[in-house]
Number of protein chains: 2
Amino acid sequence: MTRSLSIAALTTLAASTLAAQTPNAPARAAQLHVGSDTVAGALPPVTPGPTIAAYQATVDRIVDAAVKDSTAWKRMAELTDTFGPRLAGSDALEKALDWVLARMKDDGLQNVRGEPVMVPHWVRGAESAELVTPTRRKSLTILGLGGTVGTPPNGITAPVVVVSDFDELQRRAADVKGKIVLIDAPFVSYGETVMYRALGASRAAKLGAVAMLLRSVASYSMNTPHTGGLRYDSTVARIPAAAVTVEDAMLMHRMQQRGQPITVTLKLGAHVLPDVPSKNVVGELVGREKPDEIVIVSGHMDSWDVGQGAMDDAGGVAVSWEAVKLLKRLGLTPRRTIRVVGWTNEENGARGGQGYAKAHAAEAAKHVFAMESDNGAFRPLGMGVTASDSAVAILRQVGALLGRMNAAALTLGGGGTDVGPLAQLGVPVGEPEVDGSKYFWFHHTNADTPDKLDPADMAKLVGVIAAYAYVIADLPEPLPRGTPRTSSR
Amino acid sequence: MTRSLSIAALTTLAASTLAAQTPNAPARAAQLHVGSDTVAGALPPVTPGPTIAAYQATVDRIVDAAVKDSTAWKRMAELTDTFGPRLAGSDALEKALDWVLARMKDDGLQNVRGEPVMVPHWVRGAESAELVTPTRRKSLTILGLGGTVGTPPNGITAPVVVVSDFDELQRRAADVKGKIVLIDAPFVSYGETVMYRALGASRAAKLGAVAMLLRSVASYSMNTPHTGGLRYDSTVARIPAAAVTVEDAMLMHRMQQRGQPITVTLKLGAHVLPDVPSKNVVGELVGREKPDEIVIVSGHMDSWDVGQGAMDDAGGVAVSWEAVKLLKRLGLTPRRTIRVVGWTNEENGARGGQGYAKAHAAEAAKHVFAMESDNGAFRPLGMGVTASDSAVAILRQVGALLGRMNAAALTLGGGGTDVGPLAQLGVPVGEPEVDGSKYFWFHHTNADTPDKLDPADMAKLVGVIAAYAYVIADLPEPLPRGTPRTSSR
């Protein structure tokens, strides 16, 4: 996933295997309003000038065709039903990538190809956790964190110390040695809370803890564990780390508050295998005048190894892909090339986006705009962009063409993990803004399944992506580059 | 659980091991509005006459004291954290019952005792299901249905036929022999949808199916399986039956729609052991004038063997128990005795309620009113009752005393599984009406944990139960008996 990345985060991420899961995002996450038709922090509406206003009829045609069609949802469902979750290194991911390439060829897309990159190969293995004391043996519902080391085969059995945050961890530093630390930090926002997943294991290890358990980073729970990447500090021991459910974290916290000694046995079979070859999957609608100038629409093909990776992010791939198919079907070939990319390894390495930027560095100047849809293919509200003042001025006008479907909002700071390396090369980037009010209910869980996305909302999102991509790819001049605008004033 | 039982259902249930899980409830379930302060189907407001109006100050005192106190939530949490889920026959249930008796004695309740009954002892055992074809091996998330027979140790591997309802099952009768039938019936209401859980296995067996899988009876799912009782038809073979998640049911349905052959391996270790002794737990606030006349407040102590049985129904026990403690603390001893009962074996036998009615049959006429709180200890809206016209006329006035806290609604048809046998003996019965809009999110699942109940809402519910119990137990005359009123006109 990414949700609400600042450009600062994008910059950080390109060099990080933690991908989008840094604590850099809170400002923008707080800014973005979800659950209604208004988007807080969006720039005020503008009236398009004559150049862009001339596209209104075409945009209407795109949107009208998009909303009649549920192909994006069906493809997302077929892909995720057939291949299941698709972690980097898995056979499922490679088969899914090949399936997409075959279907893109069937669709008549041009220059369909896999672009090879090497990806990490972390394997979860068997895992379990059991509450041994105080009162009854009880299985805890867990998911090892992505990248965790394993435990010895018999597991680690140790007393548990529960803390609510890093301050309390520091205050209880003397209690932690030889213990399992459970961080029971309530969800505030992803940006604020995910730091415990990212950094908790090493912070606990620094104080002598033998393992770290984390309250799942979740805005709602039905006893639902959430996985996601962690980041080991190379200066301290790597200790095993797993997410427990919100419910089980609260249970153990209550036990501690009652003065009951808590003991857990944690077994994680996680291990790392050598890197394996993978690929970004690419297809094109070649531009009629400037085929070497590129607008990217994209999502990521990989997922964590749970659920079906439907919301995160097969849906993003499906809407981006369908947007290009739609333009093709309507006979709308823009001046420039629109390139759909299904990235590999967003979740635990970001090697797909990094590899693309490296391989295409010489053509970076020819990349006019790069979009990634990775906020869940929910009802569209607008677009979030990281682009120069003058590009933003143009993009606001493009957004205004979507006022009819309440998707005219333009916010600043958007992008996506996999287009981050392109942003570092100066490419304007963006991501659809959507109603992500339930995003962190399903994120990185077994509940990330096709039913969580709505065919009609996905169809609207296809329209938004297709409209932006078409207009940007067809404008007489490419989007102006320059220092990204960061303030809405 | 019970939710929204009609008196017809109550009558049926006393003789049924399916307890509240019959399809008899839809009329009342549809009538009951949840999620706001209004209760559809409630009788119009009334102004209390002088006899009942005289209780307003006392009711206000009860409510004021109730809402200041979160003991009910804390007790529910301690009970369920300590003993976990409490299926009839389990050691956990018996230990929990003993714990309640000890705490009731600590509280200074009178005549604290266990009243013995024998209960069934069904054991889930190890269970699993695996999707073998069409495309990938995938574990299905299941819960065997309560009372299911097991499979052979190596499981049952068979093709799956997916149907949406019993009509489709009949239409596909020729396809079913030797197959596993998956009933993917979307949730309409509990009353309407639960019949597939109750009857599905035998309906499928009649056509030669070898096992039955059921889409969980759930109004929301985060890949959450819901267990609950089934009812075998004695004229056909007993086949194993398990609930799959809504997500997995939809997955297999999509596969069938794509023309893909589906095969599942189902392993259930379920088996039945001999009946074991259990008990209803009882404590009293003995009446000052008519100690042999009884008002019951109650909930059930047992639960299914998943989650913590917090909503269903430790919360109901806790609020009923706390209501009696509250009256005691306030020095409010009514004319009649208020008896708090924690029933055993509501979920898979109803032997607690049946045993009580049998043991106390001779004193049935002395039971003035019997309440059971088993709709989840959520925000109170009023009371649902099964009582004579003249009793209803009185109960409406009692409800009016709770207008200040928006809990004045009186609806017809309420009760609870465990007070059903008393209703058959002519005792007026009732159940608190609550905002149960999320009840079927958590019902019979691993997500039924203390966090799903709110301390402030439970405190309000304590006030409502205490107010009703006190006034009814203190009125000069007992509630009049007679044929229950069934129409709100």
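Domain bounds, as used here, come from an automatic or database domain assignment. The structure is a predicted model, and the exercises below treat first the two domains of chain A and then the contact of the two chains.

**Exercise 1.** State which residues make up each domain of chain A, and what distance separates the domain centres.

*Solution.* Begin with the assignment: domain 1 of chain A consists of 7–121 + 274–474, while domain 2 takes 125–269. Next, with the centres taken over C-alpha atoms, domain 1 of chain A and domain 2 of chain A lie 34 Å apart. Their contact draws on 14 residues from domain 1 and 22 residues from domain 2.

**Exercise 2.** Describe the interface of these two domains by its buried area, its salt bridges and its polar contacts.

*Solution.* The size of an interface is often given as the accessible area lost when the parts come together, so the area is a suitable starting point. Domain 1 of chain A and domain 2 of chain A bury about 1,600 Å² between them, and carbon and sulfur atoms account for 68% of it. Turning to specific pairs, the rule finds zero salt bridges across this interface, whereas three residue pairs are in polar contact, both residues being at pLDDT 80 or more. On the side of domain 1 that touches domain 2, the largest share, three residues, is supplied by helix α14 (residues 439–442) of chain A. Sorted by class, that side of domain 1 holds eight nonpolar, six polar and no charged residues.

**Exercise 3.** Work out how many residues of each chain are in contact, what area is buried between chain B and chain A, and which residues of chain B lose the most area to chain A.

*Solution.* In the contact, 32 residues of chain B meet 32 residues of chain A. The area buried between the chains is about 2,400 Å², with 56% given by carbon and sulfur atoms. On the chain B side, the residues that lose the most area are Asp81(B), Arg136(B) and Met222(B), which together make up 27% of what that side buries.

**Exercise 4.** Determine how many salt bridges link chain B and chain A, and which element of chain B gives the most residues to the side that touches chain A.

*Solution.* The count of salt bridges between the chains is six. Asp81(A) forms a salt bridge with Arg254(B), for which the closest N and O atoms are 2.7 Å apart, a distance that satisfies the cut-off of within 4 Å. As for the elements, α5 (71–83), α10 (246–257) and α15 (439–442) of chain B each give two or more residues to the side touching chain A, and α5(B) gives the most, with seven residues. By class, this side of chain B divides into 13 nonpolar, 10 polar and nine charged residues.

Key. Residues are numbered from 1 along each chain as its sequence is written. Chains are lettered from A and ligands numbered from 1 in the order in which they are written. This is a predicted model: local features need pLDDT of at least 70, side-chain atom pairs count only at pLDDT 80 or more; totals for chains, interfaces and linings use all residues. Side-chain values use heavy atoms; hydrogens and water are left out. Contact means heavy atoms within 4.5 Å. Buried area is the accessible area (1.4 Å probe) that two parts lose on being put together, summed over both. A salt bridge is a side-chain nitrogen of Lys or Arg within 4 Å of a carboxyl oxygen of Asp or Glu. A polar contact is a pair of N or O atoms within 3.5 Å; within protein, one must be able to donate a hydrogen and the other to accept it, and residues adjacent in sequence count only if both atoms are side-chain atoms. Helices (H or I, at least four residues) and strands (E, at least two) are DSSP runs, numbered from the N terminus. Ala, Val, Leu, Ile, Met, Phe, Trp, Tyr, Cys and Pro count as nonpolar, Asp, Glu, Lys and Arg as charged, and the others, Gly among them, as polar.
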